Amino acid sequence: MNPEAVAGVFTAARSEFTAWSARLWRPLGEILTAVARPRPGERVLDACCGAGASAIPAGRAVGPEGSVDAVDIAEGLLDEGRREAAALGLHSLRFTAADVLAWPHDGYDVVQSSFGVFFFPDMDAGSRHLAGLLRPGGRFAVSAWRADGMARIVPIGRAAALPDNPGLADAPERPNHSLRIDTADKLGDWLSGIGLHDVEVREVHYVQPLHPDDAWTFYLGSAMRGFVTGLSPDALARVRDRFAEGLREAGLGTLDASALIGVGRTALPAR
């Protein structure tokens, strides 16, 4: 999907995405921020921030003397983040609707992105751009899905939609960048390859029960929603039934949202 399509999908998914915040996005966002370790007074850029799963804990960490720029193209999700930040009194946290790959500011102490970099048209170039917004010695932290976890669900979701959306078969498949960073070794090598130093990768094992009703909400609150955009209510009901059956056939009664958190530093000036 192009950036405009991604923005449309996630804006439409606002209520379902938010419904999953407490049990999925927020815990993983808290962990990403714990690894990135923003400190009081630091400047943070949260790229592809969504509803603020990692931006809000970053805002708490930097305190009133620091600042967090939370940037995303999905305006609907940003509204959710703004509402929560206001309720928490996080005045140093600013949500902005923009393409982070054209973000004009720099000098950040931390740039972090929670499950966002693999949506870039060119993951390497986009991530180098983000790393270039850091001050010397700044930290770049990303989270990615671990192999054989979340990736098992997406093909089932696509197959469920295909009979009612046959155009999916003819649509050119976008490169699945997430497969390039779905093990600790791959993610570490990739972070080093974009020019970062002192790279560390942590594995997060995160599995939870998945009721069929919750599975459908997850479908509509994720990028899979793009498979069913524009379908009628009757067609959506058929997709839902096929998706539930596909999960049963695959033996997926749990959601494996296990993740990898990688962090590296930009180089310090030569002495």
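## Two loop residues with positive phi

Asp148 sits in the loop that links strand S5 (134-145) to helix H7 (153-161). This is a predicted model. In it, the phi angle of Asp148 is near 65 degrees, a positive value in a residue other than glycine. Is Asp148 buried or exposed? Its relative accessible area is 61%. The cut-off for exposed is over 50%, so Asp148 counts as exposed.

Arg37 is another residue to look at. It lies in the loop between H3 and strand S1 (43-47). Its phi is near 55 degrees, again a positive value in a residue other than glycine. Arg37 has a relative accessible area of 58%, so it is exposed.

## Helix H3

Step back from Arg37 into the helix before it. Arg37 follows H3, and H3 covers residues 21-36. Which residues of H3 are buried? Among them are Leu24, Trp25, Leu28, Leu32 and Val35. The list also includes Ser21, Arg26, Gly29 and Thr33. Ala36 is buried too, whereas Arg37 is exposed.

## The whole protein

Now take the wide view. The protein has 11 helices and nine strands. Its C-alpha atoms fill a box of roughly 65 × 40 × 30 Å along the principal axes. What radius of gyration would a compact globule of 271 residues have? It would be near 18 Å. The protein has 18 Å, so the two agree.

Of the 271 residues, 51% are buried. The accessible surface is about 12200 Å². Carbon and sulfur atoms account for 55% of that surface.

Contacts also reach along the chain. Take those between residues at least 6 apart in sequence. Of these, 81% join residues at least 24 apart. As for charge, the protein has 27 positive and 34 negative charges. Their mean positions are 4 Å apart.

## The nonpolar core

The largest nonpolar core holds 82 residues. Which of them touch the most other members? They are Tyr219 and Phe243. Set aside residues up to four places away in sequence, and Phe243 touches Tyr219 itself. Phe243 also touches Ile153, Ile156, Gly157 and Ala160. Its other partners are Ala215, Trp216 and Met224.

## A buried serine

Ser127 belongs to helix H6 (residues 123-131). Its relative accessible area is 0%. Buried means under 20%, so Ser127 is buried. What does Ser127 contact, leaving aside its neighbours within four places in sequence? The partners are Val117, Phe120, Phe140, Trp190 and Ile194.

## Asn165 and Ala237

Asn165 is found in the loop between H7 and helix H8 (167-170). Leaving aside neighbours within four places in sequence, Asn165 is in contact with Phe227 and Leu231. Asn165 and Phe119 are 46 residues apart along the chain. Their C-alpha atoms are separated by 22 Å.

Ala237 lies in helix H11 (residues 233-249). Its relative accessible area is 40%, so Ala237 is partly exposed. How far is its C-alpha atom from that of Ala171? The separation is 23 Å. Along the chain, Ala237 and Ala171 are 66 residues apart.

Methods:
Residues numbered from 1 in each chain as written. Predicted model: local features only at pLDDT ≥ 70, side-chain atom pairs only at ≥ 80, totals over all residues. Heavy atoms only, no water. Buried < 20%, exposed > 50% of the residue type's maximum accessible area, 1.4 Å probe, protein only. Helix = DSSP H or I, 4+ residues; strand = E, 2+ residues; numbered from the N terminus. Core = buried A, V, L, I, M, F, W, Y, C linked by side-chain atoms within 4.5 Å. Contact = heavy atoms within 4.5 Å. Rg over C-alpha atoms; globule rule 2.2 N^0.38 Å. Areas by Shrake-Rupley, 256 points an atom, 1.4 Å probe, with all protein chains shown as cover. Lys, Arg positive; Asp, Glu negative; His and termini not counted. Charge placed at Lys NZ, Arg CZ, Asp CG, Glu CD.
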